[in-house]
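Here is a set of short exercises for reading a protein structure. Try each task yourself before you look at the worked solution.

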Amino acid sequence: MRSAPQPTDLIGLIGNTPMVRVTQLDTGPCELYLKLESHNPGGSIKDRIGLSMISAAEQAGQLGPHQKHLVEATAGNTGLGLALVAAQKGYRLTLVIPDKMSQEKVLHLKSLGAEVVMTRSDVEKGHPDYYQDMAERIARELGGFYVNQFANPANPLAHETTTGPEIAAQLDNRLDAMVCGVGSGGTIAGLSRYFAKAIPTCEMVLADPEGSVLTEYVQTGKMGKAGSWVVEGIGEDFLPPNADLTRVKKAYTISDKESLETARMVLKKAGILAGSSSGTLIAAALRYCREQTTPKRVCTFVCDSGNKYLSKMFNDFWMADQGFLPRQAHGDLRDVITRRYAERAVVTLSPNDTLLVAYGRMKLYEVSQLPVLEGNKVVGMIDESDLLLAAIDDETRLRLPVRDIMTTRLQTVDVRTPVRELLPLLDKGFVPIVVDGEEFVGLITRIDLLNHLRRKLR
């Protein structure tokens, strides 16, 4: 009978994460192993460096009774690792985060007590709003300790002394290729140093988002111009000081679409809920495996849990809005509608529902107005102002049925209406109700139309 693990403090749970072999995916002649860093208490591989960098700063006298304020630039997960450890040790933490981060990460950070400063994700290093430059400036102005994961030697040291030895032990020192991404560069640098000594035949492989400059750097030694990408936490527009890529001879560029589709496939086929950067790593690992002509053992990471991306990559509507999820084209307004009634994607009311039900659905689905249907026919619309006007003098009126308050003057358009003809309705603040005959097709908001136009750029 297996003995139960002994109790420990939360920080003691960082590291010693499990390893799983993936058998449900096509890995060619190779064995593919995933190290589940999502099992760290903060939910990601960055817990390791959060602990390592804070501990090193304490040992160097940079943190302690005289200095209890940390400042860092982060794509999310390093911030979570730092916030986890800082909360346990009683430190104040200010984090500067690019505005493309998932809402789940931001809410998690704030709940841990971190002060979050949002900044632009569309600017490069050297711009005053670039997240690293802003964090360094804030640390200087407030007198805080700037953690600087991108150049902090305790970052790669964490992986050289903990992650690498764990992988080697779990795979009996038999490993042919290790696939890593680069955010701060600590993981690939630390593992390169460890495997150079422990398993010198292990090939280091880079997985890089399309738009990042690092694949080109590995292949040519030159730095190209960065683009943009959706995947969070990896890919760079510069070479971080910690990113030692000297042992990396092979690199794969992975598109956002392939990354997100891979992460969704891993959940569906292997039952592993992995984040967006994990999708990039696993996609690159699968490419490497399928290219081989002889059996090899390949390892990569589930860097963090996909529960941080439920509102994004695991949300079909978000995927469709971004153009990552193919949808049947009709050549009419159905191509503009994000949430089609025929796909049961529209939040609706019946005339007999109460205003309280209407209020609850508006809050739950973050919408300001709802169509009222009888059968498949729209018979009314109700919005927040209707609820407010009904209840402002008597809140008990929220128990009235929707039919008593809804407007029946509907702005309907035929599904074959040209897109440009929607503009006068949108200008007046109306949401066009798209119908095919008398059958309800869906609603079109301004953001639906903007998403439709942006998708045409791809």
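The exercises below go from the whole chain to its pockets and then to single residues.

**Exercise 1: the whole chain**

Task: Describe the chain by its helices and strands, its span and its share of buried residues.

Solution: Keep in mind from the start that this is a predicted model.
- Step 1. Begin with the elements: the chain has 14 helices and 15 strands.
- Step 2. Now turn to the dimensions. Along its principal axes, the C-alpha trace spans about 75 × 60 × 55 Å.
- Step 3. Next comes burial: of the 458 residues in the chain, 52% are buried.
- Step 4. Finish with the contacts. Among those with a separation of 6 or more, 66% are between residues 24 or more positions apart.

**Exercise 2: the largest pocket**

Task: Find out how much space lies in the largest pocket and which residues are closest to its centre.

Solution: A general idea helps here. Rolling a probe the size of a water molecule over the atoms shows where empty space is left.
- Step 1. The largest pocket holds about 890 Å³ of space.
- Step 2. Its lining is made of 49 residues, and Lys100, Trp229, Gly233, Ile234 and Gly235 are the closest to the centre.
- Step 3. Look for the elements that give two or more residues to this lining: they are α2 (77-89), α6 (186-198) and α9 (276-291).
- Step 4. Sort the lining by character, and you get 19 nonpolar, 18 polar and twelve charged residues.

**Exercise 3: the second largest pocket**

Task: Which element supplies the largest share of the lining of the second largest pocket?

Solution:
- Step 1. Start with the volume of the second largest pocket, about 670 Å³.
- Step 2. Of its 21 lining residues, Arg339, Val347, Tyr365, Glu366 and Val367 are the closest to the centre.
- Step 3. At least two lining residues come from each of α10 (316-321), β11 (369-374) and α14 (446-455).
- Step 4. The largest share is that of α14, with three residues.
- Step 5. By character, this lining has eleven nonpolar, six polar and four charged residues.

**Exercise 4: aromatic rings**

Task: Work out how the rings of Tyr131 and Phe150 are arranged, and then do the same for Phe150 and Phe238.

Solution: A pair of aromatic rings is described by the distance of the centres and the angle of the planes.
- Step 1. The structure holds six aromatic pairs.
- Step 2. For Tyr131 and Phe150, the ring centres are 6.3 Å apart and the planes are at 90°, so this pair is edge-to-face.
- Step 3. Place these two residues on the chain. Tyr131 is in helix α4 (residues 131-142), while Phe150 is in the loop between β6 (145-146) and α5 (154-170), 19 residues apart.
- Step 4. Check burial. Tyr131 has 9% relative accessibility, so it counts as buried; Phe150 is buried too, at 4%.
- Step 5. Phe150 also pairs with Phe238, with 6.0 Å between the centres and 50° between the planes, and this pair is tilted.
- Step 6. Phe238 is in the loop between α7 (214-220) and β9 (248-254), 88 residues from Phe150. With a relative accessible area of 11%, Phe238 is buried.
- Step 7. Put the pieces together: Tyr130, Tyr131, Phe150 and Phe238 form one aromatic cluster.

**Exercise 5: charges over rings**

Task: Which residue has its charged end over the ring of Phe317, and is Phe317 buried or partly exposed?

Solution:
- Step 1. Locate Phe317 in helix α10.
- Step 2. The charged end of Arg339 sits over the ring of Phe317, 4.4 Å from its centre.
- Step 3. Compare positions along the chain: Phe317 and Arg339 are 22 residues apart, and their C-alpha atoms are separated by 7.3 Å.
- Step 4. Leaving aside neighbours within four places in sequence, Phe317 is in contact with Thr338, Arg339 and Ala345.
- Step 5. The relative accessible area of Phe317 is 26%, and buried means under 20%, so Phe317 is partly exposed.
- Step 6. For a second example, go back to Phe238: Lys125 lies over its face, 5.1 Å from the ring centre.

**Exercise 6: a charged residue in a helix**

Task: Is Glu166 buried or exposed, and which residues does Glu166 touch?

Solution:
- Step 1. Glu166 lies in helix α5.
- Step 2. Its relative accessibility is 12%, so Glu166 counts as buried.
- Step 3. Not counting residues up to four places away in sequence, Glu166 touches Gly15, Asn16, Thr17, Lys35 and Arg48.

Terms used. Residues are numbered from 1 along each chain as its sequence is written. This is a predicted model: local features need pLDDT of at least 70, side-chain atom pairs count only at pLDDT 80 or more; totals for chains, interfaces and linings use all residues. Side-chain values use heavy atoms; hydrogens and water are left out. On a 1 Å grid over the protein atoms alone, a cavity is a set of points where a 1.4 Å probe fits but cannot get out, and a pocket is an open set with protein on both sides within 12 Å along at least five of seven lines; lining residues have an atom within 4 Å of a point. Grid points are joined across faces, edges and corners, and a volume is the space filled by probe spheres set on the points. Helices (H or I, at least four residues) and strands (E, at least two) are DSSP runs, numbered from the N terminus. Ala, Val, Leu, Ile, Met, Phe, Trp, Tyr, Cys and Pro count as nonpolar, Asp, Glu, Lys and Arg as charged, and the others, Gly among them, as polar. Rings of Phe, Tyr and Trp (its six-membered ring) pair if their centres lie within 6.5 Å; planes under 30 degrees apart count as stacked, over 60 as edge-to-face and the rest as tilted. Buried means under 20% relative accessible area, exposed over 50%, partly exposed in between (1.4 Å probe, protein chains only). A charge sits over a ring if NZ of Lys or CZ of Arg is within 6 Å of the ring centre and within 35 degrees of the ring normal. Contact means heavy atoms within 4.5 Å.
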